[in-house]
Amino acid sequence: MVPNVNATPVTGRRGVYWQTGLCLVLLAGAGWLLRRHWPTVQHGALRLAVADHGWLLVAALAALGTWVSSALAQQGAVARRLPGGRLVAAQFAASAANHLLPAGLGAGAVNLRFLMRCGLPAGRGASALAVKGAAGAVVRLVLIAALAPVCPGLLRIPQVPAAVLLAATAAAVLLAVLVRARLWARCRGAVTAVAADIRDLHTRPVRAAALWGGSVAFAALHSLVLIAVARAVGLPLSPARVALLYLAASGAAALLPTPGGLGSLDAALALALTASGTPAAAAASAVLGYRLLTMWLPLVPGLVVLGLLVRRRAL
């Protein structure tokens, strides 16, 4: 029997179509919310325009540091030495590409291409990206666990009926049983490779320090951007509370595959800030300032850098 060589590409395209469709639905919902709450958003923008410029400068410097820390974490996930300048430029370009495609596809493609240009095989490059992503997720969970006792009552776990929990657990178990037979054989090799890379990485203290230090710095600097913007617009929240709200909201928004968290992260941050007692206009100002510095202002320069890297065959 002749194998169907087109089956995998078609399946991949269908996955992209589903992600794109879900992304469009989420963006439409975000647009509806924006239109419904436009007076609050407009008031928040006016408040941001007269915010403390000193704190906004601190936020801008923290935003610049996020790309350096991302480069440090990426270097830590790779055994060989990467060119530092091009590595930082690739992270800057990847953040711009991530705002154009859903579910991190843009950033992943740019970083994978960069690693391959540096001499890594495609499998090793994908494994390095998986190691970096896993380290980032672990760091966020640890930071949330460390900050939650400092801010008691800030994160409230909703009361869910026992019947709903049992039904969700049964559905999850059934799905795992059905999927395991088909997917585990395909995923086992990738999981084994990532685990081997993690073990090898921790035999090199310098690389492990770069991975974990860069991951901590990345999450901390993004938190600092929101903290500084919150101070600039006069939010009555302590830095620890703002950081915890950011980490929780960004983690929740990551479950929705919108480009760069567009709509999902904005809504999650605004909801988290207002639920903590912040006035809606002040919360809108903080979210607008954070997104302006981490997404909108760097978008065009990031795309220019992306084009230059492609032109110079660095990607």
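Which leucines form a nonpolar patch on the surface? They are Leu-100, Leu-101, Leu-105 and Leu-303, and together they have about 320 Å² of accessible area. I will come back to one of them shortly. Before that, a caution: this is a predicted model, and every value I quote is computed from it.

Let me start with the overall picture. The protein chain has eleven helices and zero strands. Read from the N terminus, the elements therefore run α-α-α-α-α-α-α-α-α-α-α, with helices only. The chain has 315 residues, and buried residues make up 37% of them. It exposes about 17,500 Å², of which carbon and sulfur atoms supply 71%. As for contacts, take those between residues at least 6 apart in sequence: 76% of them join residues at least 24 apart.

Back to the patch. Leu-105 is found in helix α5, which covers residues 105–117. The relative accessible area of Leu-105 is 35%, so this leucine is partly exposed. That value also clears the threshold for patch membership, because patches are made of residues with over 30% relative accessible area.

Next, helix α3, residues 53–76. Ser-70 is found there. Is Ser-70 buried or exposed? With a relative accessible area of 10%, Ser-70 is buried. Its side chain is joined to the side chain of Gln-91 by a polar contact of 2.9 Å. Leaving out residues up to four places away in sequence, Ser-70 touches Gln-91, Lys-132 and Phe-218.

Helix α3 also takes part in aromatic pairing. The structure holds two aromatic pairs. One of them is formed by Trp-67 and Phe-92, edge-to-face, at 4.9 Å centre to centre and with 80° between the planes. This pair links distant parts of the chain: Trp-67 is in helix α3 and Phe-92 is in helix α4, residues 84–98, with the two positions 25 residues apart in sequence. Trp-67 counts as buried, at 11% relative accessibility. Phe-92 is buried as well, with a relative accessible area of 17%; the cut-off is under 20%, so both rings' residues qualify.

Now to charge. Side chains of opposite charge can pair when their charged atoms come close. How many salt bridges does the count come to? The count comes to one. The partners are Asp-266 and Arg-291, whose side chains meet at 3.2 Å, N to O. This pair also links distant parts of the chain, with Asp-266 in helix α10, residues 264–275, and Arg-291 in helix α11, 25 residues apart. Arg-291 has a relative accessible area of 4%, so the arginine of this salt bridge is buried.

Helix α8, residues 205–232, gives us two residues to look at. Val-216 lies in that helix and is partly exposed, with a relative accessible area of 37%. Val-216 and Val-138 are 78 residues apart in sequence, yet their C-alpha atoms are 9.6 Å apart in space.

His-222 lies in helix α8 too. This histidine counts as buried, at 10% relative accessibility. A polar contact of 2.9 Å joins its side chain to that of Tyr-290. Not counting residues up to four places away in sequence, His-222 touches Thr-66, Tyr-246, Tyr-290 and Thr-294.

There is another histidine to mention. Where is His-202 found? His-202 is in the loop between α7, residues 162–201, and α8. At 42% relative accessibility, His-202 counts as partly exposed. Its contacts, again without residues up to four places away in sequence, are Ala-208 and Trp-212. The C-alpha atoms of His-202 and Ala-77 are separated by 10.0 Å, and these residues are 125 apart along the chain.

Last, a backbone item. Most residues other than glycine have a negative phi. Arg-313 has a positive phi of about 60° although it is not a glycine. Arg-313 is placed in the segment after α11, which spans 280–311. At 61% relative accessibility, Arg-313 counts as exposed, whereas Arg-291, the arginine in the salt bridge, is buried at 4%.

To sum up: an all-helical predicted chain with eleven helices and zero strands, one salt bridge, two aromatic pairs, and a nonpolar surface patch of Leu-100, Leu-101, Leu-105 and Leu-303.

Notes. Residues numbered from 1 in each chain as written. Predicted model: local features only at pLDDT ≥ 70, side-chain atom pairs only at ≥ 80, totals over all residues. Heavy atoms only, no water. Helix = DSSP H or I, 4+ residues; strand = E, 2+ residues; numbered from the N terminus. Buried < 20%, exposed > 50% of the residue type's maximum accessible area, 1.4 Å probe, protein only. Polar contact = N/O pair within 3.5 Å; in protein donor to acceptor, adjacent residues only side chain to side chain. Contact = heavy atoms within 4.5 Å. Phe/Tyr/Trp six-rings, centres within 6.5 Å; stacked < 30°, edge-to-face > 60°. Patch = residues over 30% accessible without salt bridge, like charges linked within 9 Å, V, L, I, M, F, W, Y side chains within 5 Å. Areas by Shrake-Rupley, 256 points an atom, 1.4 Å probe, with all protein chains shown as cover.
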